[in-house]
Amino acid sequence: LLRLRIRTQPTSSDYEISIGHGLLSRVGEFARHALGKPARRIAIISNSKVFSLYGTVVVASLKRAGFQISNLSIGDGERFKSLRTTEKALNLLIQERFSRDDCVVALGGGVVGDVAGFAASIYMRGIPFIQVPTTLLAQVDSSVGGKTGVNLPEGKNLVGTFHQPRAVIIDTTTLSTLPLRELSSGWFETIKQGAVGGRKLFKETARFLNKFETSSNFQSPDLAALIHSHLTFKGSIVAADERESVARNDHRSRKILNFGHTIAHALETVTKYKRFRHGEAVGHGMLVAGAISKNLGLLEPSELELLHDGVRLCGPLPSARDLRAVELINCIARDKKQVLGHVRWVLLEKIGRPRIVDGKEIPRSLINQSLSEALGTKH
Ligand SMILES: NC(=O)c1ccc[n+]([C@@H]2O[C@H](COP(=O)([O-])OP(=O)(O)OC[C@H]3O[C@@H](n4cnc5c(N)ncnc54)[C@H](O)[C@@H]3O)[C@@H](O)[C@H]2O)c1
């Protein structure tokens, strides 16, 4: 069992992350420790696929710890990360008369975690919630840091809050049932975190991926240690810039976690979320950001090669060759993560050393060229 503490400002939250195998049967114990005696009710928010795999053991553990359980299965997939689903979750909390001492448990991937966290953050102006992530992406990234929210028809993550969990409980054995593509999707996020987090984290991740066999049992201490390293990094960024302050553009700003995301969002949007898993889009996005960095003279070609090697280790990427550069660029111009109409690109000076660059400083022709180098797109 590996443990990690996250302390954030300005919300002064302080919570523990536990990582290991077989922890699902101890969720009750961890929840009681995190919530204290007054908590009586827990609403488990999950989806039917994950709940049918892991619900029984989690419910039993929570009952043993003296909690009364209700549960809600939301639809499976990004399109259920919506206000409508949030309303269903709020209805459950109201019907079951949840008080501010009670708690929501998110059992599932990033979709479940984002919706459950959002509902918990607005019900009675905020009640506790606990993350029990079951996808790799959620275990190395989305379950920590307190970003919650849902999509609107106009775009992804347009509504949300910052609401830190009271505890994060990561059972690596849940990854054994995860489809391969979902696993790869998580690996792309680990390469992303390594690329901006530090050379050591990047190398540790690449070394792990080189040895990793998909037939492994997901109980290895190396896997838990890798997740621990990633969350230590993410926790350090979140602790110092919890709200992703608009004014910060330094290399430890929370914005650096968006490396690869400018292009990723554009790829997801122009293909209507049908072609790429989010991590795959980030895989392509990192290569484009890497090419832009190289073409601006910020990044050595040998460093870009290292990034390519890292991305290759994560798994196959669906082709983006048929997409048009102009369409992607127009889409970026509408992205919400711009300030005053300018895109902030997270680029690289080296593996492990990000730099935030104002879009105004990057000629459109250079972006075009980088897109065609990295994705093979036509102008
Ligand atoms: N809050 C944040 O900081 C943050 C960070 C990154 C991503 N996100 C969000 O996370 C979401 C993506 O999360 P995701 O990649 O986990 O996708 P997901 O939640 O859709 O899960 C992927 C698929 O795996 C299934 N699944 C989950 N656990 C399983 C298991 N153990 N065995 C078998 N199947 C399982 C799910 O039912 C789903 O079909 C996006 O909405 C993204 O915006 C949030």
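Biologist: In which helix does T190 lie, and what makes a stretch of residues count as a helix?

Modeller: T190 lies in helix α6, which covers residues 180-197; helices are DSSP runs of H or I with at least four residues, strands are runs of E with at least two, and both are numbered from the N terminus. This is a predicted model, in which local features need pLDDT of at least 70 and side-chain atom pairs count only at pLDDT 80 or more, while totals for chains, interfaces and linings use all residues. Residues are numbered from 1 along each chain as its sequence is written, and side-chain values use heavy atoms, with hydrogens and water left out.

Biologist: Why is T190 called buried?

Modeller: Buried means under 20% relative accessible area, exposed means over 50%, and partly exposed lies in between, with a 1.4 Å probe and protein chains only. T190 has 0% relative accessibility, so it counts as buried.

Biologist: Which residues does T190 touch, leaving aside those up to four places away in sequence?

Modeller: T190 touches V140, T205 and H230, where contact means heavy atoms within 4.5 Å.

Biologist: How do you know that strands β7 and β8 pair?

Modeller: Two strands pair if DSSP finds at least two bridges between them, and β7 (residues 147-152) and β8 (residues 155-162) have five bridges in the antiparallel sense, so they count as paired. One of the residues bridged to β8 is K147, whose partner there is F162, and the two strands form a hairpin with two residues between them.

Biologist: How do you know that the length of helix α10 agrees with what is expected?

Modeller: The expected span of a helix is 1.5 Å times one less than its number of residues. For the 18 residues of α10 (residues 278-295) this gives 26 Å, and the end C-alpha atoms are 26 Å apart, so the two agree. Of these 18 residues, 16 are buried, and α10 is therefore mostly covered.

Biologist: What makes the pairs between the ligand and E78, K81 and K147 polar contacts?

Modeller: A polar contact is a pair of N or O atoms within 3.5 Å; within protein, one must be able to donate a hydrogen and the other to accept it, and residues adjacent in sequence count only if both atoms are side-chain atoms. An oxygen atom of the ligand is 2.7 Å from an N or O atom in the side chain of E78, another pair, to the side chain of K81, also involves a ligand oxygen and is 2.9 Å apart, and a backbone N or O atom of K147 lies 2.9 Å from a ligand nitrogen. Each pair therefore meets the cut-off.
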